[in-house]
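Biologist: I would like to go through this model with you step by step, beginning with the fold and ending with single residues. Please give the cut-offs as you go.

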Amino acid sequence: MRKILFFSLLGSLTCGQNKKIDSLLNLYEKDPKKIEVLRQLSFEFENSNPEKSIYFSKLALNVSKNQKNNLEIYTSYRDLGGTYFMANKLDSAIIFLNKSIENSLISNEFKVRVLVDVANVYTQTRETIKTKEFVDKAL
C-alpha cells in the first residue's frame with residue numbers, strides 16, 4: 001500500500017513539474033526575449049537537467065546583453081554561477097559568479113550576495129583561504 005501511495009505521489013509531483021515546464025515553454029515560444037521566463041525555465045531544469053538549465057541561463061544572459069539591462073546581466077551571470085554550482089562544475093561557477101561581481105555596479109547589496117556565493121563555492125572545493133577571503137570581502 002505504501003509503495004502505491006509513494007508512486008502515486010511521485011507521479012503527481014512529476015506531472016505538476018512537467019505542466020509548469022510546459023507552461024513556461026509555451027510562454028517562451030510566444031516571447032523568446034522575455035528574460036524572466038528564461039530564468040524560470042533555467043531554475044526548473046536546474047536539478048533534473050543541468051545542461052538545459054545552463055542553456056536557458058545563457059539565453060537569458062544574451063537577451064539581457066542585447067537589451068542592455070544591467071540588472072538582468074548581473075542576475076543572469078549569478079544564475080549561471082548557481083547553475084554550474086548545482087551541476088558540480090565549480091570552476092565554471094566561480095568564473096560566472098566573478099563576472100556577476102564585475103556587473104554588480106548597481107548596488108553594494110548585490111555585490112555582497114555574489115561574494116557569499118563565491119565563498120560557498122570555495123567551501124565546496126575545500127579552499128579555506130579563498131573562502132575566508134570572499135567572506136571577508138562580503139563583510
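Biologist: How many helices and how many strands does the protein chain have?

Modeller: This is a predicted model, in which local features need pLDDT of at least 70 and side-chain atom pairs count only at pLDDT 80 or more, while totals for chains, interfaces and linings use all residues. Residues are numbered from 1 along each chain as its sequence is written, and side-chain values use heavy atoms, with hydrogens and water left out. Helices (H or I, at least four residues) and strands (E, at least two) are DSSP runs numbered from the N terminus, and the order of elements reads α-α-α-α-α-α-α. The count for the protein chain is seven helices and zero strands.

Biologist: Which helix gives the most to the largest nonpolar core?

Modeller: A nonpolar core is a set of buried Ala, Val, Leu, Ile, Met, Phe, Trp, Tyr and Cys residues joined through side-chain atoms within 4.5 Å, where buried means under 20% relative accessible area, exposed over 50% and partly exposed in between (1.4 Å probe, protein chains only). The largest such core has 22 residues, and those touching the most other members are Leu80, Tyr84, Ile101, Val114, Val118, Val121 and Phe134. At least two residues each come from helix 3 (50–66), helix 4, helix 5 (90–102), helix 6 and helix 7 (128–138). The one that gives the most, with seven residues, is helix 6.

Biologist: How many residues are in the second, separate core?

Modeller: Among the members of this second core are Ile21, Leu38, Leu41 and Val63. In soluble globular proteins, nonpolar side chains tend to be buried together. The size of the second, separate core is nine residues.

Biologist: How many aromatic pairs are there, and why is the pair of tyrosine 74 and phenylalanine 110 called tilted?

Modeller: Rings of Phe, Tyr and Trp (its six-membered ring) pair if their centres lie within 6.5 Å, and planes under 30 degrees apart count as stacked, over 60 as edge-to-face and the rest as tilted; this rule gives six aromatic pairs. For tyrosine 74 and phenylalanine 110 the ring centres are 4.9 Å apart and the planes stand at 35°, so the pair is tilted. Because tyrosine 74 lies in helix 4 (residues 70–86) and phenylalanine 110 in helix 6 (residues 108–124), the pair ties together parts that are 36 residues apart in sequence. Tyrosine 74 is buried at 3% relative accessibility, and phenylalanine 110 is likewise buried, its relative accessible area being 17%.

Biologist: Is serine 64 buried or exposed?

Modeller: Serine 64 belongs to helix 3, and beyond residues up to four places away in sequence it touches Ile35, Asn69, Glu72, Ile73 and Ser76, contact meaning heavy atoms within 4.5 Å. A polar atom of its side chain lies 3.5 Å from the backbone oxygen of glutamate 72. With a relative accessible area of 0%, serine 64 is buried.

Biologist: Is leucine 139 buried or exposed?

Modeller: Leucine 139 is found in the segment after helix 7. Its C-alpha atom is separated by 9.3 Å from that of valine 116, the two residues being 23 residues apart along the chain. At 85% relative accessibility, leucine 139 counts as exposed.

Biologist: What percentage of the residues of the protein chain count as buried?

Modeller: The protein chain has 139 residues. Among its contacts between residues at least 6 apart in sequence, 45% join residues at least 24 apart. The share of residues that count as buried is 35%.

How values were computed
A polar contact is a pair of N or O atoms within 3.5 Å; within protein, one must be able to donate a hydrogen and the other to accept it, and residues adjacent in sequence count only if both atoms are side-chain atoms.
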